[in-house]
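Colleague: I'm new to reading structures. Could you walk me through one, feature by feature?

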Amino acid sequence: MLRTIADIGKKLEKRKQKVTLVATAVQDENVLKAVLEARDRDVVDILLIGNEQKIRQMAETSGADLSGISIINEEDNYKAGIDSVKLVHDNRAHILMNGQENYHGYAVLGRAVIDREYGIRRGQRISHFALFELESYHKLIGITDCVMNVNPDLKTKAAIISNAVFFMRVLGVENPKVAVLAAVEVVNESMPVTMEAAMLSKMAQRGQIKNCTVEGPLAFDNAISKEHAIHKGIVNDVSGDPDILLAPDVETAGMIYQSFVFFSKAKVASLALGATVPIVLTSKLDSHETRVNSILLAASLYA
Amino acid sequence: MYRTLDDIFKTIKTDGQKKKLVVAAAQDDHVLDAVFRAYDKGVVEPVLVGNTEEIKKIASHEGYDLTGISIVHEADPVSAAVTSVKMIHDGEGDILMKGMVDSSSFLRPILSRKFNLRQSDTLSHVGIIELPHYHKVFALTDGALNIAPDLDMKIAIVKNAVFLMRKLGIEMPKVAALGAFELVHQKMQATMDAALLSKMAQRGQIRNCVIEGPMSFDNAVYKQSAEYKGLDNGVGGDADILLSPNIEAANVLYKSIVYFAGANPACVILGASVPAVLTSRTDSEDVKLNSIMLAASVDFDK
């Protein structure tokens, strides 16, 4: 069981294979700084795609050393995206990282990932997954989806769970426990979220969502506290011990994410899942540590 | 657990105070036949509400002895139904039975606020079935009253059936919410409702029962089939109650059990303060008698 993000780093020390990260359309200084640190800490080899002149300017301003780093000059963002996806396709890159932390960047990279010709989609959906280390919780816990699927329907939620489960299993959690969050733990016809949660729970029981235990609807408190669950008379294996929290929509997920970061001073690493390789997708609000941790997490999938 | 309907009927007390069976518009030869067979067995005390002249005519033609049997004259069938329900309301009867009156006129006074008989959100029909191929009697609902029940109505239908099974001594009835298969499918409402019902029972929103669903019919009644599908849930192969997604499935299932498997189920309408017997002319004599006997076997007010 992984307790901290540092545990993931330790896992990395034992790896056999060195992996290459390709950062695409690099325009943000923050991203450049993070990939260079990851390289310096020997987490990954890096490859930069983007406007070479601008990248060199950025490095100069921030005093970063680019010696020995390959840069592929591509000024068009979409073409840069396709180039990096091709590299993944050819097995020359193993982690994809978005070089610009803005909505345009996510959209452009997203289009490249699902491109009909060169796309690298693996699951039914691409979804965002954030892994948290909290002082008040006994293990790492994932939240999904804080970014990509705004208002997922039942099928999309099943796909989001599958992505998260796939990931947790790679991290060594054989049968991840998934709590499907709602405002209450009972089925309420005027709250469609509770109905979808009940159905997801049944779908896992029936093997329609594999390799995990899904319990829902659960309110946040009875998801993370066994005591609260017992108090409500809900007996299940997930309450008090979930590995994954599935939020009903992007707003809820985003607020959980931010409250963890701002109120609980949590450590976090996040990725986009559902492609053949992990995608590092950071935001301007993220700290430098979060960016590096996210790269670390992506690399740990190969450890 | 009862293996046969007779096992249930053995529990009826034939000495002392018998259950009063109030028959609405009793001038119906088929219904009177069943009523007198039950009377002869000593399980009920009939109260015949209806057209006295016609009742007497049928009785003399069929050779029923009306001595000591109360007859309340009410020539109009609709009024007879109202009078019968009022008698139940006034504590003068324990079981209602439909005679020569159409079903909706029979049910309307039961649902009327005036007589306050209604105990549930929905009245529903339950058939209790005994088959040589199943290890106990089981309930099938609802093949007669609720056409396309939504989730709320299904909850009420389950509650009614659970109420009856508990009256029959099954503390924690096992309910299989049926679908065409055991998976949740977004284009099959039945499977989604079944999943929801299952969770609602888990959460204590539907009490005193275990609900598993979606289950296909074979998963529900045949253990090997449930195991084969990996449904190790305690209900598969051992269901006490089969909840059908709609009236058609239950009705066809019921009739196939009657006509192809030769069963003689006992049927009652649930949801009121007393059991109501509503048989159809096409039901066999045994089904009519069994239905009265089932109604006489349970005490709703205890």
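Colleague: Let's start with empty space. What volume does the largest pocket have?

Modeller: Keep in mind that this is a predicted model. The general idea goes like this: rolling a probe the size of a water molecule over the atoms shows where empty space is left. Here, the largest pocket comes out with a volume of about 620 Å³.

Colleague: Which residues lie nearest the centre of that pocket?

Modeller: Those are K19(B), D94(B), V298(B), D299(B) and D301(B), out of a lining of 26 residues. If you want to trace the lining along chain B, look at β1 (19-24), α4 (77-89) and α11 (285-297), each of which gives at least two residues.

Colleague: And how does the lining divide by class?

Modeller: You'll find 10 nonpolar, eight polar and eight charged residues there.

Colleague: Next, the place where the chains meet. How much area do chain A and chain B bury between them?

Modeller: The size of an interface is often given as the accessible area lost when the parts come together. For chain A and chain B that is about 1,700 Å², with 54% of it on carbon and sulfur atoms. On the chain A side, V187(A), K202(A) and R206(A) supply 36% of the area buried against chain B, more than any other three residues. In terms of residues, the contact takes 20 from chain A and 21 from chain B.

Colleague: How many salt bridges are there between chain A and chain B?

Modeller: First the idea: side chains of opposite charge can pair when their charged atoms come close. Between these two chains the count is four. One to look at on screen is R203(B) with E215(A), where N to O is 2.9 Å. There are also 14 residue pairs in polar contact across the interface.

Colleague: Which elements of chain A give two or more residues to the side that touches chain B?

Modeller: They are α6 (154-170), α7 (192-205) and β8 (213-218) of chain A. The largest share comes from α7(A), with seven residues. Sorted by class, that side of chain A has 10 nonpolar, four polar and six charged residues.

Colleague: What does the salt bridge count look like over all chains?

Modeller: The whole structure has 31. Within chain A, try E101(A) and R291(A), which meet at 2.6 Å, N to O. This pair links distant parts of the chain, 190 residues apart: E101(A) sits in the loop between β4 (95-98) and α5 (103-113), while R291(A) belongs to helix α11 (residues 288-300).

Colleague: Last topic, the backbone. Which residues does a cis peptide bond join in chain A?

Modeller: As background, most residues other than glycine have a negative phi, and most peptide bonds are trans. In chain A, a cis bond joins G216(A) and P217(A), with omega about 0°, and P217(A) is in strand β8. Chain B has a cis bond between T141(B) and D142(B), again with omega about 0°. You can find D142(B) in the loop between β6 (138-141) and α6 (151-167) of chain B.

Colleague: Is phi of A25(A) positive or negative?

Modeller: Positive, near 50°, in a residue other than glycine. To find A25(A), go to the loop between β1 (20-24) and α2 (29-40) of chain A.

Terms used. Residues numbered from 1 in each chain as written. Chains lettered and ligands numbered in written order. Predicted model: local features only at pLDDT ≥ 70, side-chain atom pairs only at ≥ 80, totals over all residues. Heavy atoms only, no water. Contact = heavy atoms within 4.5 Å. Buried area = accessible area lost by both parts, 1.4 Å probe. Salt bridge = Lys/Arg side-chain N within 4 Å of Asp/Glu carboxyl O. Polar contact = N/O pair within 3.5 Å; in protein donor to acceptor, adjacent residues only side chain to side chain. Helix = DSSP H or I, 4+ residues; strand = E, 2+ residues; numbered from the N terminus. Nonpolar A, V, L, I, M, F, W, Y, C, P; charged D, E, K, R; others polar. 1 Å grid on protein atoms, 1.4 Å probe; cavity = no way out; pocket = protein on both sides within 12 Å on 5 of 7 lines; lining within 4 Å. Points joined across faces, edges and corners; volume = space filled by probe spheres on them.
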